[in-house]
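This briefing is meant for a reader meeting the structure for the first time. Please keep the sequence and the 3D view at hand while going through the points below.

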Amino acid sequence: MYAVRYTEGTRYQLREVYVMQKVTMKDVAGRLGVSINAVSLALSGRVGVSEALRARVVQTAWDMGYFEHKTQALKKVKLKNLLVILKTGALSDVHFHNVVFQSMQSEAKRLGYDIMVEFLGDLTQVPSAITDHKVSGVIIFGTFGDEGLLAIARTKIPMVLVNHETCALNVDTVVNKNYQGAQLAIGHLYRMGHRRIGYAGYATDESSMRLRKAGFIQAALDLGIYGDDPTAGYRAAAFEENLTPLLMVHNAQAIADLLIVKFGNMQNLPTAFFCCNDATAIGMMGALALLGVRVPQDVSLVSFDNIPLAQTAPTPLTTIDIPIRPMGARAVRQIVLAVENKPPRETILLPMQLVERESVQEFK
């Protein structure tokens, strides 16, 4: 039998687990060349052995299969293993998810913790690494349903949500200021003279995107840009029907066709769009170019994330910069605090700022 542990990079390390016969403390002691008493102290969490030896004993005991069917014994051991749960395919996003995850790995290593990972379509059941008490804390990176999150919470294992918020449970959360960032972006367009501003985005269950859209709508209401009928005004300027993340990244012609369906004559376009993220803005830029619409001379674009492509786009993007790499490190520090000290729950809002480049032009 083998236990799979995620290590640095993309390699999976297989550790042989001896389960053909019952593993005893004597077996573990013999493997390490230490006394049975030292193994007993290490596994019971009592003083009398160094932390370095305790870590070696726990790791060796786990690798040899000592903890098989010994759930209560495993609960007493302070494992330095963290489980990161991501959506299936999340790491194919090299500009956000991959960067955040690499940051988690680096920070965990610095703090002396190992990272394990599971890719799931949804949290329909609690991962066995949690139910078998093989990890000391869990980082949920991305949007998963409340029912699955509540099931993990019931195990009493420390948990941190990253890039997702929920009202269903009181849990540590590390997120960006998505709502406030959208308002900052709309305020910038307003100060540059734009009054007909559209929202460009796609339907999603991601809380970060929902908050950006909510921030956009609230800013539009506060500034009065949609007049006496805000609902009709928003719908007339919004570009979101039939859009998908893959479409925005890979098919400028399809986006151009949808723009024609939505607005007809390009003279009916808003003077500016707030795009839900940089990938959407870059997709919009390509589609508008196919239609002979120039950015920013004809239409201004402001977006969100400040991924590397934002700076190298055909027209460098004005965008909301978020701390992508610090997000991963902060999440690991928070889960380690929860594991070791159990502080009060908190929501950590990471700072953001507007980066002005060339995609927004003053409207006169």
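Helix α3 is followed by G65, a residue whose phi is positive, near 90°. The model is a predicted one, and the points below go from this helix to a second helix, then to the strands and finally to the cysteines.

**Helix α3**
- Helix α3 covers residues 51-64, and because its 14 residues at 1.5 Å a residue should span 20 Å, the distance of 20 Å between its end C-alpha atoms agrees with what is expected.
- The buried residues of α3 are L53, R54, V57 and V58, together with T60, A61, W62, D63 and M64.

**Helix α10**
- In helix α10, which is made up of residues 230-237, the buried residues are G233, Y234 and A237.
- Looking down the axis of α10, one finds these buried residues within an arc of 100°, so they line one face of the helix.
- The cover over the buried residues of α10 includes the strands β8 (197-200) and β9 (272-275) as well as the helices α9 (207-223) and α12 (252-263).

**The open sheet of 6 strands**
- Six strands, in the order β4-β3-β5-β6-β7-β12, form an open sheet with parallel pairing.
- The edges are taken by β4 (114-120) and β12 (347-350), and since each of them has a single partner strand, one side of each is left without a neighbour in the sheet.
- On average, and with direction ignored, neighbouring strands of this sheet are turned by 20° against each other.
- Strand β3 (residues 81-87) runs parallel to β4 and is joined to it by 7 bridges, and within this pairing K87 has L120 of β4 as its bridge partner.
- Helix α7 (residues 146-153) packs on the sheet, where it touches β3, β5 (137-141) and β6 (159-162), and the direction of α7 makes about 155° with that of β6.

**Strand β7 within that sheet**
- Strand β7 (residues 172-176) has 5 of its 5 residues buried, and it is therefore largely enclosed by the rest of the structure.
- From β7, the residues D172, V174 and N176 point one way, whereas T173 and V175 point the other way, and all of them are buried.
- With β6, strand β7 pairs in the parallel sense over 3 bridges, and here V160 stands opposite D172 of β7.
- With β12, strand β7 also runs parallel, this time joined by 4 bridges, and here T173 stands opposite T347 of β12.

**Strands β10, β11 and β13**
- Strand β10 (residues 300-305) and strand β11 (residues 318-321) run parallel and are joined by 4 bridges, with D305 standing opposite D321 of β11.
- Strand β11 is also joined by 3 bridges to strand β13 (residues 353-355), and these two run antiparallel, with I320 standing opposite L354 of β13.

**Cysteines**
- Counting as disulfides those pairs of cysteine sulfur atoms that lie within 2.5 Å, one arrives at 0 disulfides in the model.
- C276 is accordingly in no disulfide, and the nearest cysteine sulfur to it, that of C275, is 7.3 Å away.
- Are C276 and C167 buried or exposed? C276 counts as buried because its relative accessibility is 1%, whereas C167 counts as exposed because its relative accessibility is 86%.

Notes
Residues are numbered from 1 along each chain as its sequence is written. This is a predicted model: local features need pLDDT of at least 70, side-chain atom pairs count only at pLDDT 80 or more; totals for chains, interfaces and linings use all residues. Side-chain values use heavy atoms; hydrogens and water are left out. Buried means under 20% relative accessible area, exposed over 50%, partly exposed in between (1.4 Å probe, protein chains only). Two strands pair if DSSP finds at least two bridges between them. Axes are lines fitted to C-alpha atoms, for helices over the stretch in contact, and angles run from 0 to 180 degrees between N-to-C directions. Contact means heavy atoms within 4.5 Å. The expected span of a helix is 1.5 Å times one less than its number of residues. The arc is that of the directions from the helix axis to the C-beta atoms.
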